[in-house]
Protein chains: 2
Amino acid sequence: MNATIKDIARETNVSYATVSRAFNNKYGVRPETRARILEVAKRLNYSPNGIARGLVNKRTKSIGLLIPDITNPYFPEVARGIEEGAKEQGYSVFLCNTNWEQDRQAQYIELLAEKRVDGLVIAPVSNSVDPAQERLFNSIPVVYVDRPPQNTPCSYVVIDNIRGGFIATQHLIEAGYRKIGFIGAVEQSMPVDERLEGFRLAMERYGIAIEERDIRLGHFSQEAGTNLVREMIGAGDYPRAIFAENDLLAFGVIDGVRSMGLSVPGDVAVVGFDDIHFASFENVQLTTVCQPKYEMGKTAVRILLEEISWKEHAAMGKGRNGRHADRNVLTARAEETVNAAVCEEATGGRRVVILEPRLIVRKTSLVSHPQ
Amino acid sequence: MNATIKDIARETNVSYATVSRAFNNKYGVRPETRARILEVAKRLNYSPNGIARGLVNKRTKSIGLLIPDITNPYFPEVARGIEEGAKEQGYSVFLCNTNWEQDRQAQYIELLAEKRVDGLVIAPVSNSVDPAQERLFNSIPVVYVDRPPQNTPCSYVVIDNIRGGFIATQHLIEAGYRKIGFIGAVEQSMPVDERLEGFRLAMERYGIAIEERDIRLGHFSQEAGTNLVREMIGAGDYPRAIFAENDLLAFGVIDGVRSMGLSVPGDVAVVGFDDIHFASFENVQLTTVCQPKYEMGKTAVRILLEEISWKEHAAMGKGRNGRHADRNVLTARAEETVNAAVCEEATGGRRVVILEPRLIVRKTSLVSHPQ
DNA sequence: AACATTGTGGCAAACGTTTTCAACCCTGTC
DNA sequence: GACAGGGTTGAAAACGTTTGCCACAATGTT
């Protein structure tokens, strides 16, 4: 069907080894031979067979991206960053929605292993790693985003959730609020816990006592936000400001507050987390803690590709001498980064990037006379 | 590194042909031999090499998905539908953002061709097809979504944009409005033109004259919506209702109207198109024309996979006799579809699915006394 | 007792590349 | 005029599968 290297060889009266060399710009083929080959190739509509190529080089130039749900407005930007970084280096990415299900995640890992992807970026479903997956993690580089890996020594890039929770709360406190509530999703424990910890830290720092009933956890959905805040308000003596641990919940909270006949921010101020696109919509204007989502993806894939190329060099017996050079590039690039401080440590070869969240003040927390 | 079929063969004292047969559930291997093989395979952490497999079968069990921008809230749902349908059949999907650039799209098609994907779903950047791509389209199945292909006889699944434009406009007319404006993005011509055509059709049907200055086209962005509507209002004698040809523009329009000190829907009613997630947000409540995005994706990938399997059967010399059976399955499934009428025609082997858009009335077009 | 049949399983070719090794031709040098 | 040496090319093995064809044994048939 498709023309192969052999067809070209026959047509040009050279061996197919030469054709291969011509295509890979290998040294040792005369310019005019090369030109002739390329010309015939074009005429035959030749397209190199990446599968055959992959079989011999043992690399496919593709990576897997595991995320819970591309439909969740948080992930497309991360995915975009990953795709962008990958494409720059000629890699393609498999999009896999795990649907927040542990075993769908496992299935995909299996599938990607068979496809022999060169690496994996995972925004994990939960904190525990399926032991069946570990063998894969020994054979190809894996980088986590959004949450750190729990039982494996993989590299990861996350944000400082404690700090994020802290600055959100601090903002409310400095705006004059004292009775502040926290609303979160219970399922995806790790980041939530940290944001809550940041919340507690800030309150403590300013010497404000927390009433436990002002902290409510529920599902991860807009409706949950609405319900939780309605419960709070219904119970009386409700907080005058609420830190919702993600924007979707915050939207629900706003709905809930208004549905009780109260106003935002007049009666209740609201701060969210993530800065998904619609937080900035004129009608919403949600004060929130911005995660550098695109950068997170881009950084993750950069690290992944570096690890892939280390591995290749190592396999070629060149050892690990490229390592320090790469590290320098990394640091240099990190410093270019505009809106996020980057902090890296390299313990035992794993690399950890913690991006800084950043408060964005909009209308839902701006009020002339807080009570 | 990874165990191969030969390792298993050696360990179990059978030939590697037998191991292969055992794994593919081919007939002709004794159950106990098979069990022994599977056991050893598990012990060795064997994972079949899809690359080698792909080389001999000439299929990779992966498809490409080309969309303009996953960050645009319209696409994640389409992508989700595609991924879902693909996974059900054991296919994986490459996510490719073309970034609305014709030649980035071409680059990706080239790349995916080398990766030897079994098929392609394209939400095309523009209406013209790069001739360089045509050869690919002859060698693997391609299905278009969102917009029909222009120069190629590929199957496609789209919605009836004319009808969508019609019902949006009709809704405003029946709500009592007479002076109605249209705001659209000029770039992505095809669907915009059709929605505008639907708009004109509806106006004509109800005998309402259109003033051309009430039709404005600009960029495809929220800001454009704001600017266009501000121009309109600034010019005086502005429309009392506006049909914005997509939700992002509609959001911008709402902002723009409000920024001029007018209210939505009190002074100006607004209808959008797409029904992206945030149209239903309590604070927005945008009346809009819903596109069945998820279904669109799922239908597209179903058609694609059917075409792939036809091609395989054809290649195996079985001819096209499976074809009618598949067609029946298709029709049956189409009838299951709940919220979208499906209409298919099969002209010359190409298949065309036109899904029905559906009006969703929310607050931005509800007003007690339209003027 | 000879023969057909069925159930298992081995051999080897094929898929389209990359890459090692060796061979060849040419030019310049002694 | 033989020879070293560089530049250019070819032959063939390897990558890990699938699969068509053949062989062998056990069973059933006449």
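**View 1. H4(A) at DNA strand C.** H4(A) gives the most to the surface near DNA strand C, with 5 residues; a residue is near a strand if one of its heavy atoms lies within 4 Å of it. Helices (H or I, at least four residues) are DSSP runs, numbered from the N terminus. By class, this surface has 13 nonpolar, 10 polar and 7 charged residues. Ala, Val, Leu, Ile, Met, Phe, Trp, Tyr, Cys and Pro count as nonpolar, Asp, Glu, Lys and Arg as charged, and the others, Gly among them, as polar. The model is predicted: local features need pLDDT of at least 70, side-chain atom pairs count only at pLDDT 80 or more, and totals for chains, interfaces and linings use all residues. Side-chain values use heavy atoms, without hydrogens and water.

**View 2. Residues around DNA strand C.** Of the 30 residues around DNA strand C, those that come nearest are Ser20(A), Lys26(A), Ser15(B), Thr18(B) and Arg30(B). Sugar and phosphate make up 68% of the atoms of DNA strand C that come within 4 Å of the protein.

**View 3. Phosphate oxygens of DNA strand C.** A polar side-chain atom of Arg30(B) lies 2.8 Å from a phosphate oxygen of DNA strand C, and one of Thr33(B) lies 3.1 Å from a phosphate oxygen of this strand. From Asn49(A), a backbone N or O atom lies 3.4 Å from a phosphate oxygen of DNA strand C.

**View 4. Chains A and B.** A turn of 180° and a shift of 0.0 Å along the axis lay chain B on chain A with an RMSD of 0.0 Å, by least squares on the C-alpha atoms of residues with pLDDT of at least 70 in both. This is the relation of a two-fold axis. Of the residues of chain B, Phe94(B) comes closest to the rotation axis, at 2.2 Å (C-alpha).

How values were computed: Residues numbered from 1 in each chain as written. Chains lettered and ligands numbered in written order. Polar contact = N/O pair within 3.5 Å; in protein donor to acceptor, adjacent residues only side chain to side chain. Helix = DSSP H or I, 4+ residues; strand = E, 2+ residues; numbered from the N terminus.
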